[in-house]
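Morning, everyone. Please look at the screen while I talk. I will keep this short.

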Amino acid sequence: MKCTVLGFKKITGKDGRKWVQLGCVYKDMNAVGGSFASSVMCSDENHLSDNIVPGEIYDIDFDNRGQMLSIERVKG
């Protein structure tokens, strides 16, 4: 899924695990206006949020359970 990251929030769980919540907007032909906003929650144990730049376009891959597999910035 290609989306624009609007922003993110770092969260530390009660167990000490680190998480990041990404705010994204992407094209969806079924949504009113053709765009849809969503929030993606993923582990930040590998410091994923250090490389995220709000306003940039990213390609995010998910598995069949909806967990994020990878995120890669789209060049251009």
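Start with one pair of residues. Isoleucine 60 has isoleucine 71 in β5 as its bridge partner. Isoleucine 60 belongs to strand β4, which covers residues 57-62. Strands here are DSSP runs of E, at least two residues long, while helices are runs of H or I of at least four, and both are numbered from the N terminus.

Before going on, a word on the source. This is a predicted model, where local features need pLDDT of at least 70, side-chain atom pairs count only at pLDDT 80 or more, and totals for chains, interfaces and linings use all residues. Residues are numbered from 1 along each chain as its sequence is written, and side-chain values use heavy atoms, with hydrogens and water left out.

Back to that pair of strands. β4 and β5 run antiparallel and share five bridges. Two strands count as paired if DSSP finds at least two bridges between them. Phenylalanine 62 faces methionine 68 in β5. Aspartate 59 is matched with glutamate 72 in β5. The two strands make a hairpin, with five residues between them. In the turn, glycine 66 has a positive phi of about 90°.

Now step over to the other side of β4. Which residue in β4 is the bridge partner of lysine 2? It is aspartate 59. So far, then, aspartate 59 has been named twice: with lysine 2, and with glutamate 72. Strand β1, residues 2-12, pairs with β4 in the antiparallel sense over three bridges.

Next, β1 and β2. They are antiparallel too, with eight bridges. Glycine 7 sits opposite glycine 23 in β2. This is a hairpin as well, with five residues between the strands. Here glycine 16 takes a positive phi near 90°.

Put the strands together. What is the strand order of the open sheet? It is β3-β2-β1-β4-β5, five strands with antiparallel pairing. β3 (35-43) and β5 (68-73) are at the edges with a single partner strand each, so one side of each has no neighbour in the sheet. On average, neighbouring strands are turned by 35° against each other, direction ignored. For that angle, axes are lines fitted to C-alpha atoms, for helices over the stretch in contact, and angles run from 0 to 180 degrees between N-to-C directions. Along the sequence the pattern reads β-β-β-β-β. The protein has five strands and zero helices.

Keep one general point in mind. In a regular strand, side chains alternate between the two faces of the sheet.

Let's zoom in on leucine 22. It lies in β2, residues 18-27. Is leucine 22 buried or exposed? Its relative accessibility is 0%, so it counts as buried. Buried means under 20% relative accessible area, exposed means over 50%, and partly exposed is in between, with a 1.4 Å probe and protein chains only. Beyond its neighbours within four places in sequence, leucine 22 is in contact with several residues, including Phe8, Val40, Ile52 and Ile71. Contact means heavy atoms within 4.5 Å. Its C-alpha is 12 Å from that of isoleucine 57, and the two are 35 residues apart along the chain.

Now a loop residue. Serine 49 lies between β3 and β4. It counts as buried because its relative accessibility is 4%. Leaving out residues up to four places away, serine 49 touches Phe8, Lys10, Val20 and Asp44. Phe8 also appears among the contacts of leucine 22.

Last, the whole chain. Buried residues make up 22% of the 76 residues. Of the contacts with a separation of 6 or more, 34% join residues 24 or more positions apart. The C-alpha atoms fill a box of roughly 40 × 25 × 20 Å, taken along the principal axes.
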